[in-house]
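Hi everyone, thanks for coming. Let me put the sequence and the model up on the screen, and then I'll walk you through a few parts of it.

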Amino acid sequence: MTVVARVQPRAVRATLKHRKSADKLSGDEVKHLREVIKAARKVADNRGYMFYAGWHGVPFDYCWHHHPLFLPWHRAYLYFFELSLQQIDPEVTLPWWDWSTLADVPKPFRTGALGSAPIRPFTTVKRPGWPKQTFRQTGEDPRVPPLPYKSLYDSALAAPSFTTFNERITQVHDWVHVWVGGTMSDPAWAAYDPLFWAHHCMVDRTWRIWQHNHPSALPPSIYLDQPLRPRAITVREVLDVKQLGYDYSQSAASVPGTT
Amino acid sequence: MQRWTSEPLSFAYDPKAPFVGAALELIGVDQRVPSFSAHVYLNNTKVSESSGAEAAGYAGSFAFFGHGEDCWGDDGHCAIPKAVSAFDQRAESSSQPANVTVDVTEALTGLADAGEVRVTFLAWTSGSESASEEPLRFDELMLVTYS
């Protein structure tokens, strides 16, 4: 007779990781984030920066915009990208860029490894004309309103339904991409720019705050069980950030307990 | 810069029960365009590129994060695929047309007596000075008021 023992799911003690405001990071935190991003760029396989940057545009083209899947898809995207960075260093988290109060790109994202990035699409033959490096044209277009986008942010948070919130936060999101300009204004290349992740953390954070105030407001039911490509995780499974192991905080401190 | 003016859109206005909200719905906006920003004007068909938000009839503006006109893929990559058989269960295309809503409550309230408006869009491709690009493409424009 063969006895088969099945391992039961077990509860684990897990501490949430906190995403912080990019302009509030300490010098050590900025240095640390830069080192992890640089290390991720050196990983050439499907755990590396170029692989994940490629989900959004070239070469995989999985992203959703102007659609009910916009927020869930990008939440899952940030989650998997952040996990890939945490494989390099478990303590690192993605910071957010608060374009509702800041008039410019957060200082850590203006120079160095967070200021620009090479574009080397994952296992793809490059074509003539493709950019080799990310670049920005921040605030150069006189027709694009200057940052910060406080009133648009407030309008999004005041939305009474998911559909309206999605429409309004999409508007702010689009304005920020266009304000940054350069490769950030093109979905094909935007995610290669380190600033992309900070921008989308702010979008995701705004959704998190809106969800806190509208706990029963969900995306349309027909989408709740839809997988968010390329992973099998569904819309329903990304609704609660705490189930994904993170939250957004102004500050987070802990001390040892009694044991 | 792209300029487009609509045919007249009618709306009802009852001073005893004025609308509390008004919106322009751009339906079927093509996402396969370069990113752009646009200004919206009501009943000012002669507005110029330099008019900005100070011009008469200014109703608002919006940005659009477009997929890019110059597709980076092979021929047909950005085309919106149709089902090739009754058993085709592939997910819908993320390039399918979108809808955009522009709140025009304040501007339309100021034109309450007009009864109809012509909408003018001025659109500029992000980061481009080319006047020949026309990034704003859509199927239908709807003016909706809410009581």
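Strand 8 of chain B, residues 119-125, has seven of its seven residues buried, so it is largely enclosed by the rest of the structure. By buried I mean under 20% relative accessible area, with exposed being over 50% and partly exposed in between, using a 1.4 Å probe and protein chains only. Strands here are DSSP runs of E with at least two residues, helices are runs of H or I with at least four, and both are numbered from the N terminus. Look at the two faces of strand 8 of chain B: B:Val119, B:Phe121, B:Ala123 and B:Thr125 point one way, B:Thr120, B:Leu122 and B:Trp124 the other way, and all are buried.

A quick word on the ground rules. This is a predicted model, where local features need pLDDT of at least 70 and side-chain atom pairs count only at pLDDT 80 or more, while totals for chains, interfaces and linings use all residues. Residues are numbered from 1 along each chain as its sequence is written, chains are lettered from A and ligands numbered from 1 in the order in which they are written, and side-chain values use heavy atoms, leaving out hydrogens and water.

Now, which strands share a sheet with strand 8 of chain B? The sheet is open, has four strands in the order 1-8-4-5 of chain B, and is paired antiparallel; pairing takes at least two DSSP bridges between two strands. Strand 1 (2-5) and strand 5 (58-64) of chain B are at the edges with a single partner strand each, so one side of each has no neighbour in the sheet. On average, neighbouring strands of this sheet are turned by 20° against each other, direction ignored. Those angles come from axes, lines fitted to C-alpha atoms (for helices over the stretch in contact), and run from 0 to 180 degrees between N-to-C directions.

Let's go across the pairs. Strand 1 and strand 8 of chain B share four bridges, and B:Gln2 sits opposite B:Ala123. Strand 4 of chain B is joined to strand 8 of chain B by seven bridges, with B:Leu42 partnered by B:Val119. Between strand 4 (residues 36-42) and strand 5 of chain B there are six bridges, and B:Phe36 faces B:Phe64 there. Chain A comes in here too: helix 5 of chain A (residues 162-180) packs on the sheet, touching strand 4 and strand 5 of chain B, and its direction makes about 70° with that of strand 5. Contact means heavy atoms within 4.5 Å.

While we're on helix 5 of chain A, A:Asn166 is found there. At 7% relative accessibility, A:Asn166 counts as buried. Leaving aside residues up to four places away in sequence, A:Asn166 touches A:His67, A:Pro68, A:Phe70 and A:Leu71.

And which element gives the largest share of the lining of the largest pocket? Helix 5 of chain A again, with ten residues. By class, that lining has 22 nonpolar, 16 polar and six charged residues; Ala, Val, Leu, Ile, Met, Phe, Trp, Tyr, Cys and Pro count as nonpolar, Asp, Glu, Lys and Arg as charged, and the others, Gly among them, as polar. A pocket is an open set of points on a 1 Å grid over the protein atoms alone, with protein on both sides within 12 Å along at least five of seven lines, and lining residues have an atom within 4 Å of a point.
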